Structure formats: structure tokens, C-alpha cells
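Work through the exercises below with the sequence and the 3D structure at hand. Each task is followed by a solution in steps.

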Amino acid sequence: LPHGLHCLGHVITCCLCPALASPEQERSISHLGGYREDLHLSGGLSAAKQAQTYSGQVRKTSSTPDRLQVVMGTLRDLQFALQLKIEELRQRDTLIDELELELDTKDELIRRLQEELDRYRATVSLPGPSAASAACSAQIEDKQRAKRKTVISEPFTLDPVTLAMVSHRSCDKSQESQRLIQAAFLRNEFLKNLDEGEIKAIIACMYSTTINQGCYVVQEGTDGAQAYVLEEGRLDVTKDGLKLLTIEPEDMFGELALLYNCTHTYSVSAQADSKLWVIDRKSYQTILIQSGLNSLSHSVELLSSIPFLQSLPEDVIMKMSDLMEEAHYAEGDYIIRQGATGDTFYIISKGQVKVTEEKPGHEEQRVLSKLSERQWFGEKALWGEGVQTVNVIAAGEVTCLVIDRETFKDIIGGLVFDCSHEEQQSRESKSKSDKDPELLSSSTLSDFQIICTLAVGEFGHVELV
């Protein structure tokens, strides 16, 4: 570069003053001319390459719009598909939210029903699962035998004032109204196991009320203290403004309020003018407690009158009377069948039974005796397995207090129990009669007059003569 600048200076000098140019400057000019040719040649090559590159770029530029259009079309299609997927996902999210809300509502309903079921189980022993083969055989026995249940969930103190009021309160009702209310009780799962006397006492205390069309009987969220039986009209049951069902005459509702202080989870309004019968919780609980106390007192009295149980302590008698079940039999029902294995002891609480015996070759059964209230039979079953030697048949409507061998043994536990009381009495009477053998040897059965039947056991019956 310095050499080129030096030559360029010589060229300028020669151009301005050719006469002053020295031989050295002329050589520089000629040398610069050669350098110019080299530059010219090099510049020509560079220009050719640049032209070639430019033409390639022009060709590329000419194909770009077509490819751009294709890319833009593909992007638009992808964007449209993406929008469709986003809308689909949004709809699914909305559906999921609705389903979650519905699931939460059902979970809350299940929780409330579970709480109510737990309270019910705490007061009433529910039957456990049984085999299908055993269900048919146990169905008749379940109808005949039922534990005495006092269905009260919350603690309750018997108020003498309320007791007096309930004892003397009786609202007039027609026979049709009484039949309707009783049918409603027997259809209700909570109340159908009440004793017939308890149901009649509750019916006697129920009072009537009328509801005009459009008015509410029960409002959602309020505390409940009454149960209702509809006699006339129609009622709608709603929850959160949604209709659940329609209440028809002979239907009962609000029964949970009789068990404990609960909040109504639904509303009940009248479709038309309606007539209802009402029972409040305090009256219901008073009737059941009074009935339970009377029943317990009656059971204790019956058990205490039985000779072979009189040696038991009072607390054991109380526990036994509380655990005994009530069994109801209709006319002609077999309470005990001859030849069957027995494990139950019976005390007649109401009604009368007849004791019969079947003998080979005889079609008709021979009536041995009749037993009535406060008498008992089947006591041998408490000591061990035994085969029934007689039939015991209900003569009309009969109610018995019964207890099985296993429950009886659990109650007496390790107590020393004198189960041979009757045998001892029999031996004592035999020893006395042996003192006068001549009197007995000369007597016949016709000399004795039967006063009454004292008891019936597994191997026969005892009569007072």
C-alpha cells in the first residue's frame, strides 16, 4: 500500500506537469499501470461472482411467495384446529365442574343419611345379613317374635307434668282415622316395631291440624319437633326449590324429629287444603318411657313368681326381664311342636294355650291341659338339649315372654343356680306319701279331683289335685 501511494503521487505529478516528470516517476507510473490491470482483472472476477450470487437470490426470491402462501394456509388450519380443541376442553371443564358440584351434593346427602342411620342403629338392633336358605325359614319366626324396642335417641327425663298431661289427653278420632294412622305407623321403618299398646297410646294423643293450599307444613332449615300423618289432601316435598316427591293420604313424615332434635333438610307445602294428625316429640317419648317401665315391671313380676327363678338375685331378674323378647301368636299357631328340639323358655303374658299330645295310631291329638296368663312352659330347654314331648298351640291371640338358653346362661354367668327346685319338691312330696302307703295303694285316679294345671315341662305336665 505505501508503494502504491508513492506511485500514485508520481502519477499526479506527471499529469500536472509532464515536463517535470523524472525517469523514476515514469517507472512508477508504468508500474502503477500494471497494478491497475491486476486490479481490473481482480475486479472483473469479483463482479462476475457478485452477478452470479445476485441472480441466485433473484431466483430464490421468485419462489418465496408460493411457499409463504402454503405455510400461511397450514398455520391457519392449525390455528382453527387449536381453537376447536380449546373449545372442547372448555366444555369438558364446565361438565367436570357440574359433575363435581353434583357429587359434592350427593356426598353431603350420603353423610346426613349415614348420620341418621348411625343414630337409628344406636337405638334399634338391625338384622344382619343372612343366607337365602335361612331367610325363608326365619321369616315366620321374625313376624311372630320381635324385641320390645323403645325408639328414643336422645337422653330424656320423664316429666311428671307431661306424664299427667299425656295420660289424660285423648283427642277424639273416628274409627277410620284411627285405622289410617295405625296403617301409617305400621308402614314406617322406624315405628313399625312398636308394641300395639304403644301405638294405640300414641294415636290417642295425636291431634289434628289443617293446612291451606300453598302454605308450608315444614320449612327447610328449621328445627323439627313433630311427626305428621296425612289424612286428606296432597303435599309436595321440595329441597333447594326442586320437587322430590308427593305425599299422599296415609303417608307419614317428620318421624326423625320424634327421635332427636334435628334440622329439617326439606320443605313440605300443601298442593291443596289438607288435614293432618300430629304427635310431638315430648309426648311420644313420655308414652314410650311409661310403656317401657310398665312392661319391665310386668316382666319382673312374672319372673319373680316362677319358683325355680326365685333364688336369683334381684339385679339378675331385672337384667333377664330386660332381655326377654315378646312373641306374638295367632289362633292355631304351634308354639312348640312335639319331637322338635327346644332351646326356649316361655312365659304367657296374654292369652291362653292348649297342650296336646300325639300318639301313634291316633289321628286326633289328645288335649292334656290348658295354660293361661302367668303360667310357663319349656323350662327344661334352659338346662340342655331336649326333644319336645308335647305340642303347645295358641288358643286365640297369645303373647309370650321368651328367652333362649344361650342368653339365659350368659345372664346367670357363674351363679350357683338351683335348677332342681321342682325335683326337690317332688322328692319331698314322695317321701311324705311313702309314710302312708296303704292310703295310696287303695286309691285310684278317679279318687283325685284335678284343680288346675300348674306347669308343663319337657316330659309332661304338673296338675294340682
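**Exercise 1. Decide how enclosed strand β21 is, and find its partner strands.**

Step 1. In β21 (residues 398-404), six of the seven residues are buried, so the strand is largely enclosed by the rest of the structure. Buried means under 20% relative accessible area, exposed over 50%, and partly exposed in between (1.4 Å probe, protein chains only). Strands (E, at least two residues) and helices (H or I, at least four) are DSSP runs, numbered from the N terminus.

Step 2. This is a predicted model, in which local features need pLDDT of at least 70 and side-chain atom pairs count only at pLDDT 80 or more, while totals for chains, interfaces and linings use all residues. Residues are numbered from 1 along each chain as its sequence is written, and side-chain values use heavy atoms, with hydrogens and water left out.

Step 3. Two strands pair if DSSP finds at least two bridges between them. Strand β12 (residues 325-329) pairs with β21 in the antiparallel sense over five bridges, and His-328 has Thr-399 in β21 as its bridge partner.

Step 4. Strand β15 (residues 344-350) also pairs with β21 in the antiparallel sense, over six bridges. Here Ile-347 stands opposite Leu-401 in β21.

**Exercise 2. Trace the salt bridges of Arg-179.**

Step 1. A salt bridge is a side-chain nitrogen of Lys or Arg within 4 Å of a carboxyl oxygen of Asp or Glu. The whole structure holds 16 salt bridges.

Step 2. Arg-179 meets Glu-176 in a salt bridge, 3.0 Å from N to O. Both residues lie in helix α5 (residues 175-187), three residues apart, which is about one turn of the helix. Glu-176 is partly exposed because its relative accessibility is 47%. Arg-179, at 41%, also counts as partly exposed.

Step 3. A salt bridge also joins the side chains of Arg-179 and Glu-250, at 3.7 Å from N to O. Arg-179 is in helix α5 and Glu-250 is in the loop between β7 (242-247) and β8 (252-253), so this pair ties together parts that are 71 residues apart in sequence. Glu-250 has 21% relative accessibility and therefore counts as partly exposed.

Step 4. Through shared partners, salt bridges join Glu-176, Arg-179, Arg-187, Glu-250 and Asp-251 into one network.

**Exercise 3. Describe how α5 packs against α6.**

Step 1. The axes of α5 and helix α6 (residues 196-205) are 10 Å apart, and the angle is about 125 degrees. Axes are lines fitted to C-alpha atoms, for helices over the stretch in contact, and angles run from 0 to 180 degrees between N-to-C directions.

Step 2. Angles under 35 degrees count as roughly parallel, over 145 as roughly antiparallel, 65 to 115 as roughly perpendicular and the rest as oblique. Therefore α5 is oblique to α6.

Step 3. Contact means heavy atoms within 4.5 Å. On the α5 side, Gln-178, Ile-181, Gln-182, Phe-185 and Leu-186 meet Ile-199, Ile-202 and Ile-203 in α6.

**Exercise 4. Give the strand order of the open sheet with four strands, and find its edges.**

Step 1. The order is β2-β11-β5-β8, with antiparallel pairing.

Step 2. β2 (207-211) and β8 are the edge strands, each with a single partner, so one side of each has no neighbour in the sheet.

Step 3. β2 pairs with strand β11 (residues 274-280) over five bridges, and Tyr-207 stands opposite Val-278 in β11.

Step 4. Helix α5 lies across β5 (226-232), β8 and β11, running at about 130 degrees to β5.
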